[in-house]
Amino acid sequence: QVQLVESGGGLVQAGGSLRLSCVVSGSIFSINAMGWYRQAPGKQRELVARITPGGHTDYADSVKGRFTISRDNAKNTVYLQMNSLKPEDTAVYYCNDNIVLTRISTPLDYWGQGTQVTVSS
């Protein structure tokens, strides 16, 4: 059974930093895009950042220059380094990976359980 396990959330003051990690556990064939989404109370879930297997990245305009997404393909892990955090970054952060289970499988999206990030002013 494939699971995405997130870690690294917490409470931080404005201007501070946090690093989120998400590791894929279970037997898989490959991982396509890996990404991070967030959902604040009363708001829709939004894309924060995404990275392809080759390292191409995309970011939401609101986090450009402050957040950095990276991946370790050998460890099936994606990271999100968050610097210069603002109170408006407060949300539950979810990792999302497009995973191929076997050589002949159709890629499917998997989600982590979410990790809370709270930025105090």
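# Charges and neighbours in a predicted model

Hi everyone! The structure holds four salt bridges. Before I walk you through some of them, please keep in mind that this is a predicted model. For anyone new to the idea, side chains of opposite charge can pair when their charged atoms come close.

Let's begin with arginine 38. Its side chain meets that of glutamate 46 in a salt bridge, with 2.7 Å from N to O. Are these two partners buried or exposed? Arginine 38 is buried, at a relative accessible area of 6%. Glutamate 46 is partly exposed, at 35%.

Next comes aspartate 61, which meets lysine 64 through their side chains, again in a salt bridge, at 3.1 Å from N to O. Here aspartate 61 is exposed, and lysine 64 is exposed too.

Now please find arginine 66. This residue forms a salt bridge with aspartate 89, and the closest N and O atoms are 2.8 Å apart. The pair links distant parts of the chain, with the two residues 23 residues apart. Arginine 66 is in the loop between strand 6 (57-59) and strand 7 (67-72), while aspartate 89 is in the loop between strand 8 (77-82) and strand 9 (91-100). Why do we call arginine 66 buried? Buried means under 20% relative accessible area, and arginine 66 has 11% relative accessibility, so it counts as buried. Aspartate 89 counts as buried as well, because its relative accessibility is 1%.

Which residues are linked in a network of salt bridges? They are Arg38, Glu46, Arg66 and Asp89.

Let me turn to a charged residue without such a partner. Glutamate 6 lies in strand 1, residues 3-7. This glutamate 6 is buried yet has no salt bridge. Which side chain of opposite charge is nearest to glutamate 6? The answer is arginine 45, 7.9 Å away. So what does the side chain of glutamate 6 reach? One target is the backbone nitrogen of glycine 114, at 2.6 Å. Another is the backbone nitrogen of threonine 115, at 3.2 Å. Leaving out residues up to four places away in sequence, glutamate 6 touches a set of residues that includes Trp36, Tyr93, Tyr94 and Cys95.

We just heard about arginine 45, and what does its charged end sit over? It sits over the ring of tyrosine 94, 3.8 Å from the centre of that ring. Arginine 19 lies over a ring as well: it is over the face of tyrosine 79, at 4.1 Å from the ring centre. As for rings meeting rings, the structure holds one aromatic pair.

To finish, here are two residues from other strands. Leucine 47 is in strand 5, residues 46-51, and counts as partly exposed at 26% relative accessibility. Leucine 47 and alanine 60 are 13 residues apart in sequence, and their C-alpha atoms are 6.6 Å apart in space. Once residues up to four places away in sequence are set aside, leucine 47 touches Trp36, Tyr37 and Ala60.

Alanine 33 is in strand 4, residues 30-39, and counts as partly exposed at 24% relative accessibility. How many residues along the chain separate alanine 33 from aspartate 109? There are 76, yet their C-alpha atoms are separated by 9.4 Å. With residues up to four places away again not counted, the contacts of alanine 33 include Arg50, Thr52, Arg71 and Asn98.

That's my tour, and thanks for listening!

How values were computed. Residues are numbered from 1 along each chain as its sequence is written. This is a predicted model: local features need pLDDT of at least 70, side-chain atom pairs count only at pLDDT 80 or more; totals for chains, interfaces and linings use all residues. Side-chain values use heavy atoms; hydrogens and water are left out. Helices (H or I, at least four residues) and strands (E, at least two) are DSSP runs, numbered from the N terminus. Buried means under 20% relative accessible area, exposed over 50%, partly exposed in between (1.4 Å probe, protein chains only). Lys and Arg count as positive and Asp and Glu as negative; His and the chain ends are not counted. A polar contact is a pair of N or O atoms within 3.5 Å; within protein, one must be able to donate a hydrogen and the other to accept it, and residues adjacent in sequence count only if both atoms are side-chain atoms. Contact means heavy atoms within 4.5 Å. Rings of Phe, Tyr and Trp (its six-membered ring) pair if their centres lie within 6.5 Å; planes under 30 degrees apart count as stacked, over 60 as edge-to-face and the rest as tilted. A charge sits over a ring if NZ of Lys or CZ of Arg is within 6 Å of the ring centre and within 35 degrees of the ring normal.
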